[in-house]
Amino acid sequence: MLGTSQMLMTRANERKEIDTEDPLSDPLNLSNHFCEEFLKDMENLQCLLPTHQPRVSDHMDQIRDMISKIIEKGYAYPLDGDVYFAADKFPKYGQLSRRKLEDNRAGERVAVDSRKRHPADFALWKAAKPGEPSWDSPWGPGRPGWHIECSAMSAHYLTSSFDIHGGGMDLIFPHHENELAQSCAACEETRIGYWLHNGFVTINEEKMSKSTGNFFTIREVTKQYHPLALRYFLLSMNYNSPVNYSLSQIDLASEALFRIYQTLQDCRDALLSFDVGNANEKVKPNSKQPSKPSEAENLKKDFECKMSDDLHTSEILKGSLQDALKFINNELNGLKKKQKQQKLLAVRSLIELEEAIRKVLDVLGLLSAEPYSEVLLKLKEKALIRAEMDEDEVSRRIEERTVARKNKDFAKSDQVRSELTAKGISLMDLPTGTTWRPCVPEEKPQIPTTE
């Protein structure tokens with residue numbers, strides 16, 4: 001896109017001023033570098049690689065061909081080495097954003113170009129400028145406009161009709177509006193099934209802005225939080241809702257992720273103590289009672305329903321998935337008290353439900369390839385980083401509390417627990433001793449000061 005291209009050229013020129021031999025002083029090399037770094041971040045967040053990863057510089061033939069078709073059909077005109085789309089010649093212009101052509105004010109988003117036939121006309125091809133990459137074309141050397149590469153590459157890999165087109169809400173106009181117009185102008189059969197636009201990201205209710213320093217990178221977040229916690233946070237709201245990033249929100253996401261994996265680990269540990277290999281064969285059918293959907297079937301049904309309804313991942317994470325985890329914990333708590341037949345039924349139900357949860361997590365990209373125990377360990381390691389503590393220090397505080405309890409110094413015991421909880425370390429007293437798990441740090445009440 002135009003803004004990204006300008007940023008790349010500016011940064012490449014800055015590097016060139018420092019070191020003329022720097023390979024990243026070439027805009028294309030710098031672009032490839034950022035693409036590689038982006039893919040590393042996506043892999044860290046367990047995002048699947050796209051089937052194709054086209055680069056604009058590799059598709060100049062397709063871009064030039066599409067521009068030529070649009071000109072031939074009367075929807076664009078060359079002008080002094082540039083090529084502009086004639087918005088007033090395309091009757092459906094504005095169909096996506098529902099804006100009227102006369103509402104477009106010159107200079108609102110880009111500098112006014114008095115040569116254009118209509119203020120809404122936009123560039124398909126820009127004439128070469130000093131210091132910018134350029135390619136040959138029938139209209140002279142230059143580079144593609146902001147929108148055309150998306151249309152050309154989409155048509156090349158997906159044909160003129162495909163199901164889903166996504167992007168940020170700020171791209172509805174002018175980018176996606178112009179993209180749709182030029183695609184339809186080049187090919188009348190162009191059809192996009194669904195346009196999905198995601199909400200803006202804010203930080204503590206303020207818009208992200210690099211110029212004001214109000215922004216963060218994925219790597220900055222994952223230094224202190226497990227990558228899956230960030231993914232859970234993003235999935236915990238609908239894709240088209242605003243995303244308000246705050247430490248309290250990602251703390252909640254991290255805690256929720258820990259709870260999921262701890263429940264699955266507890267379930268796996270409990271099942272290891274039973275002969276689950278042939279649980280299905282040992283269960284005697286009960287013909288007197290009508291069968292009802294199992295918890296696994298309920299989870300699967302709700303998952304498919306919510307995902308089919310505009311990808312409501314938030315409702316899954318906060319609803320049926322939590323119900324499934326609660327069911328597992330309740331069954332585990334009462335498993336030893338059950339009679340043999342009831343116990344076998346419970347074991348079979350737990351096996352089915354664990355597998356159903358794994359399938360849900362897998363589709364959502366929240367299922368790690370690592371064992372549950374390894375994920376839990378890494379979540380605890382991140383919690384220690386946030387608390388600015390290490391395992392030995394936590395152990396010393398736990399021992400300090402244990403001694404205080406033996407001496408009936410409950411004020412000291414409560415103080416240790418409170419101090420650790422404030423750092424995101426929650427203590428759990430078990431028959432085998434005291435252990436800890438990550439939690440949402442408790443904010444200390446602000447004490448008003450007087451002058």
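## Strand pairing, helix packing and salt bridges

Strand β7 (residues 201-203) and β8 run antiparallel and are joined by 2 bridges. Within this pair, Thr-202 stands opposite Lys-207 in β8. The model described here is predicted. Both strands belong to an open sheet of 3 strands, in the order β8-β7-β9 and with mixed pairing. The edges of that sheet are β8 (206-207) and β9 (243-245); each has a single partner strand, so one side of each is left without a neighbour in the sheet.

A second strand pair lies further along the chain. Here β10 and strand β11 (residues 433-438) run antiparallel, joined by 6 bridges. The two form a hairpin, with 2 residues between β10 and β11. One of the bridges puts Met-428 against Thr-435, its partner in β11. In a regular strand, side chains alternate between the two faces of the sheet.

**Helix packing**

Helix α10 (residues 295-308) packs with helix α11 (residues 313-334) at an angle of about 175°, and their axes are 10 Å apart. Angles over 145 degrees count as roughly antiparallel, and α10 and α11 are therefore roughly antiparallel to each other. On the α10 side, the contact is made by Glu-295, Leu-299, Asp-302, Phe-303, Lys-306 and Met-307. The α11 side contributes Thr-313, Glu-315, Ile-316, Ser-320, Leu-321, Ala-324 and Phe-327. By residue class, the contact of α10 with α11 divides into 7 nonpolar, 2 polar and 4 charged residues.

**Salt bridges**

Side chains of opposite charge can pair when their charged atoms come close. A search of the whole structure finds 19 salt bridges. Three pairs are listed below, with the distance given between N and O atoms.

| Acidic residue | Basic residue | N to O distance |
|---|---|---|
| Glu-354 | Arg-268 | 2.4 Å |
| Glu-400 | Lys-412 | 2.9 Å |
| Asp-429 | Arg-401 | 3.0 Å |

In the salt bridge of Glu-354 with Arg-268, the closest N and O atoms are 2.4 Å apart. Glu-354 lies in helix α12 (residues 340-363) and Arg-268 in helix α8 (residues 247-272), so this pair ties together parts that are 86 residues apart in sequence. Glu-354 has a relative accessible area of 7% and is buried. Arg-268, with a relative accessible area of 32%, is partly exposed.

The side chains of Glu-400 and Lys-412 also meet in a salt bridge. This pair links helix α14 (residues 391-406), which holds Glu-400, to helix α15 (residues 410-422), which holds Lys-412; the residues are 12 apart. Glu-400 counts as partly exposed at 29% relative accessibility, and Lys-412 counts as partly exposed at 27%.

Helix α14 takes part in another of the listed pairs, the salt bridge between Asp-429 and Arg-401. Asp-429 lies in strand β10 (residues 425-430) and Arg-401 in helix α14, so the pair ties together parts that are 28 residues apart in sequence. Asp-429 is partly exposed, its relative accessible area being 35%. Buried means under 20% relative accessible area, and Arg-401 counts as buried because its relative accessibility is 4%.

Elsewhere, salt bridges link Glu-37, Lys-40, Asp-41 and Arg-219 in a network.

Key
Residues are numbered from 1 along each chain as its sequence is written. This is a predicted model: local features need pLDDT of at least 70, side-chain atom pairs count only at pLDDT 80 or more; totals for chains, interfaces and linings use all residues. Side-chain values use heavy atoms; hydrogens and water are left out. Axes are lines fitted to C-alpha atoms, for helices over the stretch in contact, and angles run from 0 to 180 degrees between N-to-C directions. Helices (H or I, at least four residues) and strands (E, at least two) are DSSP runs, numbered from the N terminus. Angles under 35 degrees count as roughly parallel, over 145 as roughly antiparallel, 65 to 115 as roughly perpendicular and the rest as oblique. Contact means heavy atoms within 4.5 Å. Ala, Val, Leu, Ile, Met, Phe, Trp, Tyr, Cys and Pro count as nonpolar, Asp, Glu, Lys and Arg as charged, and the others, Gly among them, as polar. A salt bridge is a side-chain nitrogen of Lys or Arg within 4 Å of a carboxyl oxygen of Asp or Glu. Buried means under 20% relative accessible area, exposed over 50%, partly exposed in between (1.4 Å probe, protein chains only). Two strands pair if DSSP finds at least two bridges between them.
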